[in-house]
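This report describes how a sheet, its helices and the nonpolar cores are arranged in a predicted model. The chain is shown here before the description begins.

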Amino acid sequence: IITDRRLAIDGACYVHSDHYEGGRQAAEHLIDCGCKSIVCIKGPQDISSARARYEGYSKVCNEKNIKLQTVDCDYDFNAGLEVTEKILKKFPDVDGIVACNDIVAISVYKVLHKKGIKVPEDIQLIGFDNISLSELLTPELTTIAQPIEEIGAKAAELIINRDEELTEREFTFETKLIIRETT
């Protein structure tokens, strides 16, 4: 039983969120909020979930004639601090940022705040995961929620019933846009 991402393992069951749709939701929301220069902080592209999020973002940008602007980043707070500095130098007209996860979004916010760049007035920001810290920030972080408890429950059910013959090997759960104060 593999959760959150795909690995090349014969006979594995995959339990995950629709990361592609989550990437779409994030990009569409920023565009709906008026963003014209959106930067996507891509998670590690060797991870299937990060790839799918980026693909969802890029599909929306292509459909809406928004220039693709990206930086690579690990799922790490310190990496987020570093890439935010790069974004501000490389894309000075940025008005929206899709972060690869909430921890990176929080690090983005920290850099923007220190530089006097207002969120959401100057740059709008959206994360991914809906971790508990996302609503403890001020302003509260707009994010894409994954139904972590449902995913965990399904994975546990599959483990408990592992001796039963499975007709389905993949279980995909919907993501949900949680609009808060950073957009």
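The sections below take up the sheet, then the helices that pack on it, and then the nonpolar cores.

## The sheet

In this predicted model, 6 strands make up an open sheet of mixed pairing, ordered E4-E3-E5-E6-E7-E9. Strand E4 (70-72) and strand E9 (176-178) are the edges, and because each has a single partner strand, one side of each is left without a neighbour in the sheet. On average, and with direction ignored, neighbouring strands are turned by 20° against each other.

At the E9 edge, strand E7 (residues 142-145) and E9 run antiparallel and are joined by 3 bridges; Thr-143 has Ile-178 in E9 as its bridge partner.

## Helices on the sheet

Helix H2 (residues 48-63) packs on the sheet, where it touches strand E3 (38-42), E4, strand E5 (96-98) and strand E6 (124-129), and its direction makes about 165° with that of E3. Helix H3 (residues 77-90) likewise packs on the sheet, in its case touching E3, E4 and E5, with its direction at about 150° to that of E4.

## Nonpolar cores

The largest nonpolar core comprises 25 residues, and those with the most contacts inside it are Ile-41, Ile-87, Val-94, Ile-97 and Leu-125. Two or more residues come from each of E3, H3 and helix H4 (102-114), and H4 gives the most, with 7 residues. Beyond its neighbours within four places in sequence, Ile-87 is in contact with Val-39, Ile-41, Val-71, Pro-92, Val-94 and Ile-97.

Another core, of 16 residues, lies apart from the largest one and includes Ala-26, Ile-31, Ile-66 and Val-98.

Notes
Residues are numbered from 1 along each chain as its sequence is written. This is a predicted model: local features need pLDDT of at least 70, side-chain atom pairs count only at pLDDT 80 or more; totals for chains, interfaces and linings use all residues. Side-chain values use heavy atoms; hydrogens and water are left out. Two strands pair if DSSP finds at least two bridges between them. Helices (H or I, at least four residues) and strands (E, at least two) are DSSP runs, numbered from the N terminus. Axes are lines fitted to C-alpha atoms, for helices over the stretch in contact, and angles run from 0 to 180 degrees between N-to-C directions. Contact means heavy atoms within 4.5 Å. A nonpolar core is a set of buried Ala, Val, Leu, Ile, Met, Phe, Trp, Tyr and Cys residues joined through side-chain atoms within 4.5 Å. Buried means under 20% relative accessible area, exposed over 50%, partly exposed in between (1.4 Å probe, protein chains only).
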